Structures are given as structure tokens and as C-alpha cells.
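Subject: Structure for your review

Dear colleague,

Please find below the structure I wished to hand over to you. My findings follow directly after it.

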Amino acid sequence: MQATATVLVYSDDANTREQVRLATGRRPAPDVPVVEFLECATAAAVLRELDRGGIDVVVLDGEAAPMGGMGLCRQIKDEIFRCPPVLLLIGRPQDAWLATWSRADAAVTLPVEPVEFAAALASLMRRKSLQQSA
């Protein structure tokens, strides 16, 4: 198992980024690596970091402005070769169909519920680990 996993968190709201960090803790589950966060407040910063590589999972705020995480998710799924798994934060459960449209790998509602979020993040981290070992 790798020592750390890099999780990119995109939101224009510092409080939302903090919710993600607090819900994750050092690691979202005992069988996944310790998490290092890379925070981005703009879509341009997300694209720059993804171009650099080394990102294991991306967490996007679907409610971010001016560019929401749903549109950004669809864009990176189209443009980033071997795009890391994406966990989308959505405003309400009824927006799950939009998460599907954006090609997100998983979605959870805001505000972040720690147990639900950690489980979704750990699942995507496991998937990424399996892809790397295959």
C-alpha cells in the first residue's frame, strides 16, 4: 500500500474545503493510505494541478461559483488522460442525476456528513489503488 494519497479538493468556499478535511481525518478508512490534501479555490487551479499529475482522487463542490463542480467534472473527464476518480459534492439528493451526467464516480450531499463522505472517499481510493496495481 502506498504511504500517502493526494486528494484534490475544489471549492470556492473555504468552509466546504474544511468540512472535507475534517470528515476525512488522517485517513477515511484503516485500509487506505493517509491523505494529503491539495486545495483549490478556482477551476483554473484544478486544471493546473491535474496537468501536473500525482492526484489520486478529486473532490469537487457542485455548488462552487463561478464554475460548478459538475461542469468541471465533465470537462476533466473529457480532457484529462486517465482522470482520477471524482467525488462530487451535491446540494441535494435530487441532483444525483446531474452527478451522473457529469460522469462523477460518486456523489454525496452537502453539508458533508462525515461517515457517508469518508466511506465514499475510501471506496474511490480503493478503486484507484486497484487500477494502479492492474
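In helix α3, which spans residues 69-79, the buried residues are G69, M70, L72, C73 and I76. These residues lie on the same side of α3, because the arc they cover around the axis is only 160°. D78 and E79, on the other side of α3, are exposed. Please bear in mind that this is a predicted model.

What do the buried residues of α3 pack against? Their partners are three strands, β1 (4-10), β3 (57-61) and β4 (86-90), together with two helices, α2 (43-52) and α4 (96-101).

A second point concerns T16, a residue of helix α1 (residues 14-24). Is T16 buried or exposed? Its relative accessibility is 7%, and T16 therefore counts as buried, the cut-off for that class being under 20%. When neighbours within four places in sequence are left aside, T16 is in contact with S11, D61, L89 and L110. Of these contacts, D61 is 45 residues away from T16 in sequence, whereas their C-alpha atoms are 7.9 Å apart in space.

Finally, as regards annotation, an unreviewed UniProt entry lists residues 6-125 as "domain: Response regulatory". Over residues 6-125, the chain is 42% helix and 22% strand. The C-alpha atoms at the two ends of this stretch are 10 Å apart.

Yours sincerely

Definitions and conventions
Residues are numbered from 1 along each chain as its sequence is written. This is a predicted model: local features need pLDDT of at least 70, side-chain atom pairs count only at pLDDT 80 or more; totals for chains, interfaces and linings use all residues. Side-chain values use heavy atoms; hydrogens and water are left out. UniProt positions are given in the numbering used here, feature names are shortened, and annotations may be inferred rather than shown by experiment. Helices (H or I, at least four residues) and strands (E, at least two) are DSSP runs, numbered from the N terminus. Buried means under 20% relative accessible area, exposed over 50%, partly exposed in between (1.4 Å probe, protein chains only). Contact means heavy atoms within 4.5 Å. The arc is that of the directions from the helix axis to the C-beta atoms.
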